[in-house]
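Open the model in your viewer and keep the selection panel at hand. The stops below go from the whole chain down to single residues.

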Amino acid sequence: MIVVHHLNNSRSQRVLWLLEELGIEYEIKFYERDPKTMLAPESLRQVHPLGKSPVITDADLTIAESGAIIEYVVDRYGNGRLVPASGTPEHLRYTYWLHYAEGSAMLPLVMQVVLNNFGAGDSNVVSGFVAPQIKLHFDYIEGELSKSTWFAGEEFTAADIQMSFPLELIAMRREEVESRPKLKEFIERIHARPAYKRALERGGTYDVSFQ
């Protein structure tokens, strides 16, 4: 059985949601952030050398990184669900957004978090590079969501689960959502999904506002 090593208020919430969407049985081992540093506990290093979340164990396998976990779970347990058919335009879009979420969208957001935590939130780096990049990416996302209901097309896929974290992170800034109606609609749609709600019930309170 899959064990999700679940850190509160983290990307591992996406893994719980994925498993709920697929109806897969799983266990949760809970970890809590340090209330002062907001870092993961040292005990996560016993699961994976980097001590980060998300990470899952399945029998003798240990798998980290959101995208790798999603691909593993969908390939092994999905039976064709939550992924478009191979060779279709939708599958290419699915692959793109699955990697874009962490490879591109999260970069300026993480830079903002780091600079804020080190008291440099008002620096020229933020105003001259980070803030324009955030705007660039989320204007792009808004435009892409105007083309189809979900990121890969008209069907919900695991790419939408992967994209949820950066969008929920940017949604902490109300003005960013209000100026992007398609992004707002996407967030409302995912929050209304029964599997999303079940994942919250099992994983506990989910709040990324500290990020």
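**Whole chain**

Start with the charges: the protein has 22 positive and 29 negative ones, and the mean positions of the two sets lie 2 Å apart. Keep in mind that this is a predicted model.

Now show the C-alpha trace. Along its principal axes it spans about 50 × 45 × 30 Å. The radius of gyration is 17 Å, which agrees with the value near 17 Å for a compact globule of 211 residues.

Switch to cartoon. Eight helices and four strands appear. Read from the N terminus, the order of elements is β-α-β-β-β-α-α-α-α-α-α-α.

Add a surface. About 10,700 Å² is exposed, and carbon and sulfur atoms supply 53% of that area. Of the 211 residues, 47% count as buried. For the fold's wiring, take contacts between residues at least 6 apart in sequence: 67% of them join residues at least 24 apart.

**Helix H1**

Select residues 12–22, which form helix H1. How many of the residues of H1 are buried? Eleven of its eleven are, so the helix is mostly covered. The buried set includes polar and charged names as well as nonpolar ones: Ser12, Gln13, Arg14, Glu20 and Glu21 are among them, as are Val15, Leu16, Trp17, Leu18, Leu19 and Leu22. Step past the end of the helix to Gly23, where phi is positive, near 70°.

Go back to Gln13 in H1. Its relative accessible area is 5%, which means it is buried. Beyond its sequence neighbours up to four places away, Gln13 touches His6, Ala199, Leu200, Gly203, Gly204 and Tyr206.

**Tyr206**

Follow that last contact to Tyr206. Tyr206 sits in the segment after helix H8 (194–203). Is Tyr206 buried or exposed? Buried: its relative accessible area is 18%, and the cut-off is under 20%. With residues up to four places away left out, Tyr206 touches Asn9, Ser10, Gln13, Phe165, Glu168, Tyr196 and Leu200. Leu200 is also on the contact list of Gln13.

For a distance check, pick Arg93. The C-alpha atoms of Tyr206 and Arg93 are 28 Å apart, with their positions 113 residues apart along the chain.

**Nonpolar cores**

Nonpolar side chains tend to be buried together in soluble globular proteins. Select the largest nonpolar core here, a set of 55 residues. Which members touch the most other members? They are Leu18, Ile56, Val73, Ile141 and Leu167. Helix H3 gives the most to this core, with nine residues. A second, separate core has five residues, including Leu7, Tyr31, Leu44 and Val55.

Centre on Val73. Outside four places in sequence, Val73 is in contact with Ile2, Leu18, Leu19, Leu22, Ile24, Ile56 and Gly78. Leu18, Leu19 and Leu22 take you back to buried residues of H1.

**Met111 in helix H3**

Last stop: select residues 89–117, helix H3, and find Met111. Met111 is partly exposed, with a relative accessible area of 26%. What does Met111 contact beyond its neighbours within four places in sequence? Phe129 and Val130. Finish by measuring to Val126: it lies 15 residues from Met111 in sequence, and the C-alpha to C-alpha distance is 8.4 Å.

Conventions: Residues numbered from 1 in each chain as written. Predicted model: local features only at pLDDT ≥ 70, side-chain atom pairs only at ≥ 80, totals over all residues. Heavy atoms only, no water. Helix = DSSP H or I, 4+ residues; strand = E, 2+ residues; numbered from the N terminus. Buried < 20%, exposed > 50% of the residue type's maximum accessible area, 1.4 Å probe, protein only. Contact = heavy atoms within 4.5 Å. Rg over C-alpha atoms; globule rule 2.2 N^0.38 Å. Areas by Shrake-Rupley, 256 points an atom, 1.4 Å probe, with all protein chains shown as cover. Lys, Arg positive; Asp, Glu negative; His and termini not counted. Charge placed at Lys NZ, Arg CZ, Asp CG, Glu CD. Core = buried A, V, L, I, M, F, W, Y, C linked by side-chain atoms within 4.5 Å.
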